[in-house]
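Good morning, and thank you for joining. I would ask you to keep the structure in view while I go through the sheet and then the pocket.

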Amino acid sequence: MLLFLDVDGTLIPFGADRPYQLYEPVRVLPQSADHPLLARIDPALGGRLARLAGFGCELVWATTWLDDANTAIAPWLGLPPLPVMDWPDEPDEPDEPGSGSDAGSGREPGRPRGLHWKTRPLVSWAAGRPFLWLDDEITDTDRAWVAAHHRAPALLHRVDHRYGLTERDFDVLERWVIPPGSGAPAARRPG
């Protein structure tokens, strides 16, 4: 199972009307891990993500940070380098309202209005495998499109960008990933 992981708004909170909690690194970091926003990321999230990986989730960066996520964020979290989602050079444009399906025009239709530009590439990368997607911009349009175009189970989980990943988010993820009877706390198993 894949776990597609966004950075801005998911690991790095932003847009809150309160000061952000700042963290100190818990390990010696390479010089490449120097970034002013890293202090907003709780290093304990690395252990939580590693736990999900231990239950079979393959973590994949699904962010515009690209490989900078491996040089800066992975060391901060204590994670190894992760695969990086390779985005198309130019995201497809949404269809114009009322434009129809473009059938017979010779042009492939763009993405449906409201569909996040990451959605189709993530489904393509998943190639029929189950996946989780953590992002602060997921909408019901994305969920409906994935349900219609991806046969394997998929959880598209929207993170509140003001807080980033929280205990409540991990409760949802763990209920979805960790099988009953695996030693996970009973409160985190599906009921």
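Please bear in mind that this is a predicted model.

I begin with a pairing inside the sheet. Strand 1, residues 2-5, and strand 3, residues 131-135, run parallel and are joined by 4 bridges. Within that pairing, Phe4 has Trp133 of strand 3 as its bridge partner.

The wider arrangement is an open sheet of 4 strands in the order 2-1-3-4, paired in parallel. Which strands stand at the edges? They are strand 2, at 58-61, and strand 4, at 154-158; each has a single partner strand, so one side of each is left without a neighbour in the sheet. From one strand to the next, the twist averages 15 degrees.

Turning to the helix packed on this sheet, helix 5 comprises residues 167-177 and lies across strand 3 and strand 4. Relative to strand 4, helix 5 runs at about 175 degrees.

Helix 5 also brings us to the pocket. The largest pocket has a volume of about 270 Å³. Its lining consists of 18 residues, and those closest to the centre are Tyr23, Arg40, Asp42, Tyr163 and Leu165. Which helices each supply at least two residues of this lining? Helix 1, at 44-54, and helix 5 do so, and helix 1 gives the most, with 3 residues. As for the chemical classes, the lining has 10 nonpolar, 5 charged and 3 polar residues.

To close, I would draw your attention again to helix 5, which lies across strand 3 and strand 4 and also contributes to the lining of the largest pocket. Thank you.

How values were computed: Residues are numbered from 1 along each chain as its sequence is written. This is a predicted model: local features need pLDDT of at least 70, side-chain atom pairs count only at pLDDT 80 or more; totals for chains, interfaces and linings use all residues. Side-chain values use heavy atoms; hydrogens and water are left out. Two strands pair if DSSP finds at least two bridges between them. Axes are lines fitted to C-alpha atoms, for helices over the stretch in contact, and angles run from 0 to 180 degrees between N-to-C directions. Contact means heavy atoms within 4.5 Å. On a 1 Å grid over the protein atoms alone, a cavity is a set of points where a 1.4 Å probe fits but cannot get out, and a pocket is an open set with protein on both sides within 12 Å along at least five of seven lines; lining residues have an atom within 4 Å of a point. Grid points are joined across faces, edges and corners, and a volume is the space filled by probe spheres set on the points. Ala, Val, Leu, Ile, Met, Phe, Trp, Tyr, Cys and Pro count as nonpolar, Asp, Glu, Lys and Arg as charged, and the others, Gly among them, as polar.
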